[in-house]
Amino acid sequence: MTHRNMNEHDALEDFEPRDISLDGASKVVHVAGTGPAVIVMTEMPGISPQVARFSRWVRDAGFTVYMPSLFGRDGAVPAATEGMAIMQKACVSAEFRAFANKKGANKASPVTLWLRALARLAHAECGGPGVGAIGMCFTGNFALTMMLEPAMLAPVLCQPSLPFDDPAGLEIAPEELTAVRSRLERDDLTALAYRFDGDRYCKAERFAAYAAALGDRFVARILPDSAANRTDLPPFFEQVVASPHSVVTTHLIDEAGQPTLAARDEILSFFRMRLQ
(Lines give C-alpha, C1' and ligand atoms only; values in the text may rest on other atoms or scores of the structure.)
Protein backbone atom coordinates (compact mmCIF):
# COMPACT_ATOMS: atom_id res chain seq x y z
CA MET A 1 0.00 0.00 0.00
CA THR A 2 1.32 3.46 -0.93
CA HIS A 3 2.52 5.48 2.07
CA ARG A 4 0.35 8.53 2.68
CA ASN A 5 0.64 11.51 4.99
CA MET A 6 -2.06 11.08 7.64
CA ASN A 7 -2.18 14.86 8.14
CA GLU A 8 -3.14 15.60 4.56
CA HIS A 9 -6.55 15.32 2.89
CA ASP A 10 -7.14 11.86 1.39
CA ALA A 11 -8.74 12.06 -2.07
CA LEU A 12 -9.91 8.43 -1.83
CA GLU A 13 -9.04 8.16 -5.51
CA ASP A 14 -8.58 4.38 -5.27
CA PHE A 15 -12.18 3.89 -4.10
CA GLU A 16 -15.28 3.96 -6.30
CA PRO A 17 -17.88 6.35 -4.82
CA ARG A 18 -21.29 4.78 -5.35
CA ASP A 19 -24.64 6.37 -4.58
CA ILE A 20 -26.54 3.46 -3.00
CA SER A 21 -30.28 3.70 -2.28
CA LEU A 22 -31.73 1.26 0.24
CA ASP A 23 -34.93 1.35 2.25
CA GLY A 24 -35.79 4.80 0.93
CA ALA A 25 -32.45 6.41 1.83
CA SER A 26 -29.39 7.13 -0.32
CA LYS A 27 -25.79 7.34 0.86
CA VAL A 28 -22.44 7.51 -0.83
CA VAL A 29 -20.48 4.31 -0.27
CA HIS A 30 -16.79 4.13 -1.18
CA VAL A 31 -16.02 0.68 -2.59
CA ALA A 32 -12.68 -0.97 -3.34
CA GLY A 33 -11.16 -4.41 -3.70
CA THR A 34 -12.28 -7.91 -4.55
CA GLY A 35 -13.39 -10.87 -2.48
CA PRO A 36 -15.95 -11.19 0.32
CA ALA A 37 -17.45 -7.96 1.60
CA VAL A 38 -16.43 -6.06 4.73
CA ILE A 39 -18.33 -2.92 5.76
CA VAL A 40 -16.08 -0.33 7.41
CA MET A 41 -18.10 2.22 9.38
CA THR A 42 -16.25 5.41 10.13
CA GLU A 43 -15.62 6.93 13.51
CA MET A 44 -16.44 10.53 14.38
CA PRO A 45 -16.03 13.03 12.74
CA GLY A 46 -15.93 11.21 9.39
CA ILE A 47 -13.83 9.23 6.93
CA SER A 48 -10.42 10.53 7.94
CA PRO A 49 -7.11 9.53 6.30
CA GLN A 50 -6.64 7.06 9.17
CA VAL A 51 -10.04 5.41 8.58
CA ALA A 52 -9.25 5.20 4.84
CA ARG A 53 -5.88 3.62 5.70
CA PHE A 54 -7.61 0.92 7.70
CA SER A 55 -10.02 0.27 4.81
CA ARG A 56 -7.06 -0.14 2.47
CA TRP A 57 -5.54 -2.68 4.83
CA VAL A 58 -8.80 -4.63 4.70
CA ARG A 59 -8.90 -4.35 0.90
CA ASP A 60 -5.29 -5.53 0.57
CA ALA A 61 -6.09 -8.52 2.79
CA GLY A 62 -8.41 -9.83 0.09
CA PHE A 63 -11.78 -8.22 0.71
CA THR A 64 -14.19 -5.86 -0.99
CA VAL A 65 -14.50 -2.83 1.27
CA TYR A 66 -17.79 -0.94 1.53
CA MET A 67 -17.13 2.32 3.41
CA PRO A 68 -20.35 4.33 3.77
CA SER A 69 -20.26 8.09 4.25
CA LEU A 70 -22.36 8.57 7.38
CA PHE A 71 -21.24 12.06 8.49
CA GLY A 72 -18.51 14.61 7.93
CA ARG A 73 -16.34 15.41 4.91
CA ASP A 74 -14.93 12.32 3.24
CA GLY A 75 -11.13 12.24 3.34
CA ALA A 76 -10.74 15.30 5.56
CA VAL A 77 -8.21 15.62 8.36
CA PRO A 78 -10.32 15.90 11.55
CA ALA A 79 -10.25 19.55 12.66
CA ALA A 80 -11.39 20.50 16.16
CA THR A 81 -14.12 23.07 15.48
CA GLU A 82 -15.51 21.34 12.41
CA GLY A 83 -15.37 17.97 14.15
CA MET A 84 -17.33 19.28 17.11
CA ALA A 85 -19.99 20.71 14.77
CA ILE A 86 -20.29 17.38 12.94
CA MET A 87 -20.59 15.47 16.20
CA GLN A 88 -23.24 17.84 17.56
CA LYS A 89 -25.25 17.53 14.34
CA ALA A 90 -25.06 13.73 14.43
CA CYS A 91 -26.10 13.68 18.08
CA VAL A 92 -29.46 15.28 17.27
CA SER A 93 -29.95 13.43 13.97
CA ALA A 94 -32.92 11.07 13.72
CA GLU A 95 -30.56 8.42 12.32
CA PHE A 96 -28.52 8.11 15.50
CA ARG A 97 -29.35 7.68 19.17
CA ALA A 98 -26.43 9.39 20.83
CA PHE A 99 -28.16 9.53 24.22
CA ALA A 100 -30.28 7.07 26.15
CA ASN A 101 -33.95 7.99 26.48
CA LYS A 102 -35.46 9.21 29.75
CA LYS A 103 -36.23 5.70 30.92
CA GLY A 104 -32.69 4.58 30.21
CA ALA A 105 -33.76 1.88 27.76
CA ASN A 106 -31.35 0.89 25.04
CA LYS A 107 -32.47 1.08 21.44
CA ALA A 108 -30.56 0.60 18.21
CA SER A 109 -29.88 3.64 16.04
CA PRO A 110 -32.30 3.73 13.06
CA VAL A 111 -29.37 3.90 10.63
CA THR A 112 -28.59 0.27 11.48
CA LEU A 113 -31.59 -0.78 9.36
CA TRP A 114 -29.92 0.82 6.33
CA LEU A 115 -26.60 -0.79 7.23
CA ARG A 116 -28.22 -4.21 7.47
CA ALA A 117 -29.65 -3.65 3.99
CA LEU A 118 -26.16 -2.69 2.81
CA ALA A 119 -24.85 -5.98 4.20
CA ARG A 120 -27.48 -7.88 2.18
CA LEU A 121 -26.54 -5.97 -0.97
CA ALA A 122 -22.81 -6.45 -0.41
CA HIS A 123 -23.26 -10.19 0.09
CA ALA A 124 -25.32 -10.45 -3.09
CA GLU A 125 -22.65 -8.56 -5.04
CA CYS A 126 -19.56 -10.24 -3.60
CA GLY A 127 -20.71 -13.73 -2.68
CA GLY A 128 -18.76 -15.85 -0.23
CA PRO A 129 -19.96 -17.22 3.09
CA GLY A 130 -21.13 -13.83 4.34
CA VAL A 131 -20.17 -10.29 5.31
CA GLY A 132 -17.97 -8.74 7.96
CA ALA A 133 -18.38 -5.32 9.56
CA ILE A 134 -16.41 -3.06 11.86
CA GLY A 135 -17.82 -0.07 13.70
CA MET A 136 -15.71 2.57 15.41
CA CYS A 137 -16.56 5.06 18.15
CA PHE A 138 -19.96 6.58 17.19
CA THR A 139 -20.67 3.53 14.99
CA GLY A 140 -18.96 0.96 17.19
CA ASN A 141 -22.15 -0.65 18.46
CA PHE A 142 -23.67 -0.92 15.00
CA ALA A 143 -21.70 -4.01 13.98
CA LEU A 144 -23.43 -6.02 16.71
CA THR A 145 -26.95 -4.90 15.73
CA MET A 146 -26.10 -5.82 12.14
CA MET A 147 -25.92 -9.45 13.29
CA LEU A 148 -29.72 -9.43 12.96
CA GLU A 149 -28.99 -9.68 9.21
CA PRO A 150 -28.29 -13.35 8.30
CA ALA A 151 -25.53 -12.37 5.84
CA MET A 152 -23.45 -10.91 8.69
CA LEU A 153 -20.85 -13.30 10.09
CA ALA A 154 -17.99 -11.26 11.54
CA PRO A 155 -18.78 -8.26 13.78
CA VAL A 156 -16.00 -6.08 15.23
CA LEU A 157 -16.70 -3.33 17.77
CA CYS A 158 -13.94 -0.76 18.16
CA GLN A 159 -14.35 1.62 21.11
CA PRO A 160 -18.21 1.60 20.92
CA SER A 161 -19.15 4.97 22.42
CA LEU A 162 -22.96 5.28 22.32
CA PRO A 163 -24.99 6.19 24.24
CA PHE A 164 -22.85 9.03 25.55
CA ASP A 165 -24.80 9.52 28.78
CA ASP A 166 -24.83 5.88 29.96
CA PRO A 167 -21.40 4.22 30.33
CA ALA A 168 -23.06 0.79 30.55
CA GLY A 169 -25.52 1.40 27.72
CA LEU A 170 -25.41 -0.94 24.72
CA GLU A 171 -27.34 0.95 22.01
CA ILE A 172 -29.49 -2.07 21.19
CA ALA A 173 -32.99 -3.08 22.29
CA PRO A 174 -33.11 -5.94 24.84
CA GLU A 175 -35.09 -8.22 22.53
CA GLU A 176 -32.62 -7.57 19.71
CA LEU A 177 -29.71 -8.30 22.03
CA THR A 178 -31.35 -11.60 22.98
CA ALA A 179 -31.78 -12.44 19.30
CA VAL A 180 -28.15 -11.60 18.57
CA ARG A 181 -26.92 -13.82 21.42
CA SER A 182 -29.10 -16.67 20.20
CA ARG A 183 -27.68 -16.32 16.72
CA LEU A 184 -24.08 -16.18 17.95
CA GLU A 185 -24.62 -19.36 19.93
CA ARG A 186 -26.61 -21.17 17.21
CA ASP A 187 -24.07 -20.43 14.48
CA ASP A 188 -20.99 -20.66 16.74
CA LEU A 189 -19.96 -17.05 16.08
CA THR A 190 -18.23 -14.40 18.19
CA ALA A 191 -18.00 -10.61 18.34
CA LEU A 192 -14.57 -9.02 18.72
CA ALA A 193 -14.30 -5.77 20.69
CA TYR A 194 -11.46 -3.36 21.42
CA ARG A 195 -10.89 -0.38 23.69
CA PHE A 196 -8.09 1.41 25.51
CA ASP A 197 -8.13 1.07 29.27
CA GLY A 198 -8.38 4.83 29.86
CA ASP A 199 -10.85 5.68 27.10
CA ARG A 200 -13.20 8.43 28.29
CA TYR A 201 -15.93 7.52 25.80
CA CYS A 202 -15.90 3.73 25.93
CA LYS A 203 -15.47 2.76 29.54
CA ALA A 204 -15.10 -0.55 31.36
CA GLU A 205 -18.81 -0.53 32.28
CA ARG A 206 -19.79 -0.94 28.62
CA PHE A 207 -17.61 -3.96 28.04
CA ALA A 208 -18.82 -5.48 31.31
CA ALA A 209 -22.41 -5.06 30.13
CA TYR A 210 -21.62 -6.70 26.79
CA ALA A 211 -19.90 -9.59 28.56
CA ALA A 212 -22.90 -10.05 30.86
CA ALA A 213 -25.28 -10.04 27.91
CA LEU A 214 -23.30 -12.20 25.48
CA GLY A 215 -21.13 -14.40 27.68
CA ASP A 216 -18.11 -15.97 26.00
CA ARG A 217 -19.46 -14.93 22.59
CA PHE A 218 -18.12 -11.46 23.40
CA VAL A 219 -14.34 -11.44 23.00
CA ALA A 220 -12.87 -8.30 24.55
CA ARG A 221 -9.42 -6.83 24.04
CA ILE A 222 -8.37 -4.01 26.38
CA LEU A 223 -5.17 -2.22 25.43
CA PRO A 224 -3.04 -0.21 27.88
CA ASP A 225 -3.02 3.53 27.39
CA SER A 226 0.73 3.33 26.84
CA ALA A 227 0.04 1.50 23.54
CA ALA A 228 -1.69 4.54 22.00
CA ASN A 229 -0.07 6.86 19.49
CA ARG A 230 0.35 10.34 20.99
CA THR A 231 2.26 12.12 18.23
CA ASP A 232 1.03 14.15 15.25
CA LEU A 233 -2.60 13.70 16.22
CA PRO A 234 -5.28 15.53 14.20
CA PRO A 235 -6.67 18.54 16.10
CA PHE A 236 -10.03 16.86 16.81
CA PHE A 237 -8.33 13.97 18.59
CA GLU A 238 -5.76 16.15 20.33
CA GLN A 239 -8.22 18.75 21.62
CA VAL A 240 -11.66 17.10 21.75
CA VAL A 241 -11.15 13.36 22.24
CA ALA A 242 -8.15 13.98 24.51
CA SER A 243 -7.67 10.36 25.59
CA PRO A 244 -6.53 7.07 24.02
CA HIS A 245 -9.51 6.04 21.91
CA SER A 246 -9.14 4.96 18.28
CA VAL A 247 -7.48 1.55 18.40
CA VAL A 248 -7.00 0.85 14.68
CA THR A 249 -6.99 4.39 13.27
CA THR A 250 -5.70 7.61 14.86
CA HIS A 251 -4.11 6.06 17.94
CA LEU A 252 -2.61 3.10 16.08
CA ILE A 253 1.19 2.92 15.97
CA ASP A 254 2.18 1.47 12.62
CA GLU A 255 5.29 -0.34 13.82
CA ALA A 256 6.06 -4.03 14.27
CA GLY A 257 5.48 -5.26 17.81
CA GLN A 258 2.98 -2.54 18.71
CA PRO A 259 -0.26 -3.73 20.41
CA THR A 260 -2.42 -1.60 18.13
CA LEU A 261 -0.86 -3.17 15.02
CA ALA A 262 -1.42 -6.60 16.57
CA ALA A 263 -5.09 -5.62 17.05
CA ARG A 264 -5.32 -4.72 13.37
CA ASP A 265 -3.79 -8.05 12.39
CA GLU A 266 -6.15 -9.95 14.67
CA ILE A 267 -9.14 -8.23 13.05
CA LEU A 268 -7.91 -9.10 9.56
CA SER A 269 -7.38 -12.72 10.65
CA PHE A 270 -10.89 -12.75 12.12
CA PHE A 271 -12.33 -11.63 8.79
CA ARG A 272 -10.29 -14.27 6.94
CA MET A 273 -11.43 -17.03 9.27
CA ARG A 274 -15.11 -16.17 8.90
CA LEU A 275 -15.32 -15.00 5.30
CA GLN A 276 -12.63 -16.64 3.17
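Two strands count as paired if DSSP finds at least two bridges between them. The model described here is predicted, and strand β3 meets this criterion with two partners, taken in turn below.

**Strand β3 and its partners**

Strand β3 covers residues 37–40. Three bridges join β3 to strand β4 (residues 64–68), and the two strands run parallel. Within this pairing, I39 has Y66 of β4 as its bridge partner. The connection from β3 to β4 passes through helix α1 (residues 49–60), forming a β-α-β crossover that is right-handed.

Strand β5 (residues 131–136) is also joined to β3 by three bridges, again in a parallel arrangement. Here V40 stands opposite I134 of β5.

In a regular strand, side chains alternate between the two faces of the sheet. In β3, A37 and I39 lie on one side and V38 and V40 on the other. These four residues are all buried, so both faces of the strand are covered.

**V29 in strand β2**

V29 belongs to strand β2, residues 25–32. Its relative accessibility is 0%, and V29 therefore counts as buried. Beyond neighbours within four places in sequence, the contacts of V29 include Y66, M67 and P68. V29 also touches W114 and L118, as well as E16, P17, R18 and I20. The C-alpha atoms of V29 and E16 are 8.0 Å apart, with a sequence separation of 13 residues.

**Cysteines**

The structure holds zero disulfides. C137 is in none, and the nearest cysteine sulfur to it belongs to C202. For C158, the closest cysteine sulfur is likewise in C202, at a distance too great for a bond. A disulfide requires two cysteine sulfur atoms within 2.5 Å. Values for C137 and C158 are tabulated here.

| Cysteine | Distance to sulfur of C202 | Relative accessible area |
|---|---|---|
| C137 | 9.2 Å | 9% |
| C158 | 9.5 Å | 0% |

C137 is buried, and C158 is buried as well.

**Helices α5 and α6**

Helix α5 spans residues 174–186 and helix α6 residues 204–214. Their axes come within 10 Å and cross at roughly 60°. On the α5 side the contact is made by L177, R181 and L184, and on the α6 side by A212, A213 and L214. By class, this contact has five nonpolar residues, one charged residue and no polar residues. R181 is the charged residue, because Arg is classed as charged while Ala and Leu are classed as nonpolar.

Definitions and conventions
Residues numbered from 1 in each chain as written. Predicted model: local features only at pLDDT ≥ 70, side-chain atom pairs only at ≥ 80, totals over all residues. Heavy atoms only, no water. Buried < 20%, exposed > 50% of the residue type's maximum accessible area, 1.4 Å probe, protein only. Right-handed = clockwise from strand over helix to strand, strands pointing away. Axes fitted to C-alpha atoms, helices over the stretch in contact; angles between N-to-C directions. Contact = heavy atoms within 4.5 Å.
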